[in-house]
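Biologist: I am new to this model and would be grateful for a close look at one part of it. Please treat that part in a single, connected account.

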Amino acid sequence: MLSLTESAIRASFVNCTKGETKRLAVPRDLDQQPWHDLDFFGWRDPAADGRAYLVAESGGGLVGVALRVATQSGRARRSMCSLCLTTHTGDGVSLMTARKAGREGRQGNSVGAYLCADLACSLYLRGRKDAGRRLDETITLAEKIERTSANLAAFLTRVTS
Ligand SMILES: [Zn+2]
C-alpha cells in the first residue's frame, strides 16, 4: 500500500468518536514502516494492551477500524488468523472486536474476528516474519494476498454495514 501520514490515518477511522480519533496512538515511526509489503496497516497500542487498529485502502479511500483485543486464555493452542490464514501457537492469534460504524455501533453492536495478534498478516504472507508453520498450499503469493484482501474487505463490510 502507499505510505500513510498521521493525519490520513486519524481521518480514516469509521468506528471512533472524534475525541477517540484525536487521542488514539498512531505509531511515530511511520517513515520506517515497510509500506511496499503491507496490504493493510495494523498496530497495537503500546500503552494500552487491549487496543489495536487497522487501516486499509478500500474503494479508493481509507477505512480505519479501532479494535478491542480480548484477554487471552493463556492456554497454549494453535489458532488461525481469519485474514491471512497463518497458524500461530499460544497468543499469536487474538480475538479482536470492532464496534460497528454509525448507529449500530452506538447501540452497542460489534463484530469480531480472529487476527494475527500483531496485525502483521502481510509480513507473514511474504515470509518477512516467521510464524513457525504455515498452511502447506500450492497457490501463489499473489493469490494469498488477494485472498487476504478479500477476507479483510469482508470484515470491513461487516463493520460498516
Ligand atoms: Zn493474519
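Biologist: How much area does the protein chain expose, and what share of it do carbon and sulfur atoms supply? Which residues do ring pairs link into a cluster?

Modeller: This is a predicted model, in which local features need pLDDT of at least 70 and side-chain atom pairs count only at pLDDT 80 or more, while totals for chains, interfaces and linings use all residues. Residues are numbered from 1 along each chain as its sequence is written, and side-chain values use heavy atoms, with hydrogens and water left out.

The protein chain exposes about 8,900 Å², of which carbon and sulfur atoms supply 49% (Shrake-Rupley method, 1.4 Å probe). Of its 161 residues, 43% count as buried (under 20% relative accessible area, 1.4 Å probe, protein chains only).

Turning to the rings, the cluster links Phe13, Trp35, Phe41, Trp43 and Tyr53. The structure holds 5 aromatic pairs; rings of Phe, Tyr and Trp (its six-membered ring) pair if their centres lie within 6.5 Å, with planes under 30 degrees apart counted as stacked, over 60 as edge-to-face and the rest as tilted. One of these pairs joins phenylalanine 13 and tyrosine 53 edge-to-face, at 5.7 Å centre to centre and 85 degrees between the planes. Because phenylalanine 13 lies in the loop between helix H1 (6–11) and helix H2 (18–23), and tyrosine 53 in strand E2 (residues 51–58), this pair ties together parts 40 residues apart in sequence. Helices (H or I, at least four residues) and strands (E, at least two) are DSSP runs, numbered from the N terminus. Phenylalanine 13 and tyrosine 53 are both buried. Tryptophan 35 and phenylalanine 41 form a tilted pair, 4.7 Å centre to centre with 55 degrees between the planes, and both of these residues are buried as well.

Terms used:
Buried < 20%, exposed > 50% of the residue type's maximum accessible area, 1.4 Å probe, protein only.
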